[in-house]
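Q: I'm new to this one. Could you take me through a close look at one part, and then a few other spots to set beside it?

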Amino acid sequence: MIARNSARLVWDSKNNEIEGKFASFQEVERVYVNPLYQNNPLFSEQIDISLSRTDSSENAFFQGDNLAVIECLLQQGYRGKIDLIYIDPPYLSNHEYISRIAIGNGENKQALDRSAFDDVWENSLDSYLDGLYPRLLLMKDLLSPNGSIFVHLDWHVSHYVKLLLDEIFSSENFINEIVWCYGGGSGSKKHFHRKHDLIFWYARSDNYIFNPQYRPYSAGTIQRGLTKVKGDRYSLHEKGALMQDWWADINKILSPTAQENLKYPTQKPEALLRRIIATASQPGSLVADFYAGSGTTIEVCEDMERNWIACDSSDLALQISLKRLIQKRTPGFKIFKLNGNEQHKINRPKLFCKLRNEGDHEKESNLIISIDSYQPSPENAGKLKPNANFCLFIDFWEIDLNYNGFIFNSDLQVLRKSGFDQEIAVDINLMVPKVPIYRVAVKVWDVFAENTMQVLELKTE
Ligand SMILES: C[S@@+](CC[C@H](N)C(=O)[O-])C[C@H]1O[C@@H](n2cnc3c(N)ncnc32)[C@H](O)[C@@H]1O
């Protein structure tokens, strides 16, 4: 009898013809990570900085719709180049996700809600599947012959998406359904508490990378030893017992004060990504996350010496990921934006900066860069207490010491020493190599996930 695997998921608008978007991306920023942690007042310590930008990392964050990003990557030679794709897409939860932070302290303290992303679909399941299906089809072409994809979902749509994955990657390449169990949070009085997610693992071929993972033996097994149960042929493995397909040893990020908690709703724990990346990639592998959120996958890639590509359409996701990488002191990376997708808002934030030369030395000049004022866009300004100090609602700022007019090269990043209750430093004092004309650009990222830039010029006497 011939085995037939023709069963398929069908819905009214299903379409496996992918319309080529011919989108293109523009590099908007290159980050040379060099963080300065300062609270106000004036940051007057002199920093000696050379203008060398030596890092050549190809790691990249793409801001925009991942369909266009994947199409671009395929056109630009990434077909078959990615060893591991992890995705944690929206789950059809019908929820608008908000990130809540508190800024200021004492009388000036206030809570702010920032929009993270929406998981609301006009025609519910059909629209959701219309979105995910072409993206999964294209992701397959990016995978290397040793590659794998891990698709993270929950009870809302996992059963539908499993069928799509069988169709696209073939049920023969289905490796595992991983059940990630966690505790905490609230539950319902009408049904069992929903406390697990599902992660589907599919490989591109039989030659997929698999590095077995281990868990500690139970106390009983250690005490008895395996031999009593299984006979003399078995002994305890030095690394522990082989990992099963249900993981109950990693919890969700629950505490609002946990160091890992970056206040991005749906943020996944690093330990979860560490296990997935360790399992299905090698040092030097290229790993991609096309629904990057707060950048968990990227941070773990940095720790584990994997190269990475990340994508997210949300402004807040880009900003949180960027800050996370700066805080991690990563070797550097690039930021790309979809061409033609810039929203030309009339009411942009307003930034007023100054550049002064405090004195020339033989080979160096002493520059002072200050932010004199910053006004968020009017739609966000209305959310702030009247007369709120602008040093409270700047998230962080970056400095390009030699702006070329095209790409913002972030040479320095000014962050607060502690939480949002403190004011960030807005004046900095630098020793820089002497040049006939300084063209410095300042980019400010505010707590509402908007950013704006100003270019300053100064001639040396
Ligand atoms: C569940 S969250 C990912 C959370 C992430 N795993 C983390 O640890 O922070 C899903 C993300 O997908 C992004 N997203 C949704 N649709 C997208 C699309 N078409 N292109 C790019 N990003 C998208 C959202 O902005 C959101 O940040």
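A: Here is a walk from one serine to two loop residues and then to the ligand. Keep in mind that this is a predicted model, where local features need pLDDT of at least 70, side-chain atom pairs count only at pLDDT 80 or more, and totals for chains, interfaces and linings use all residues. Residues are numbered from 1 along each chain as its sequence is written.

Start with Ser 373, which sits in strand E18, residues 364–375 (strands, E, are DSSP runs of at least two residues, helices, H or I, of at least four, numbered from the N terminus). Ser 373 counts as exposed because it has 10 C-beta neighbours inside 10 Å; the cut-off for exposed is 12 or fewer other C-beta atoms within 10 Å, buried takes 20 or more, partly exposed is in between, and C-beta atoms are placed from the backbone. Leaving aside residues up to four places away in sequence, Ser 373 touches Phe 352 and Phe 390 (contact puts the C-beta atoms, placed from the backbone, within 7 Å). Ser 158 is 215 residues from Ser 373 in sequence and 49 Å away in space, C-alpha to C-alpha.

Now for the loops. Leu 92, between strands E5 (82–87) and E6 (95–103), has a positive phi near 65° without being a glycine. Leu 92 is buried, since 22 C-beta neighbours lie inside 10 Å. Glu 305, also not a glycine, has a positive phi of about 55°, and its loop runs between helix H7 (296–303) and strand E15 (307–312). With 10 such neighbours inside 10 Å, Glu 305 is exposed.

Last, the ligand: 19 residues surround it, the closest being Phe 117, Tyr 291, Gly 293, Ser 294 and Ser 314 (near means a C-beta atom, placed from the backbone, within 6 Å).

Terms used
Two residues are in contact if their C-beta atoms, placed from the backbone, lie within 7 Å.
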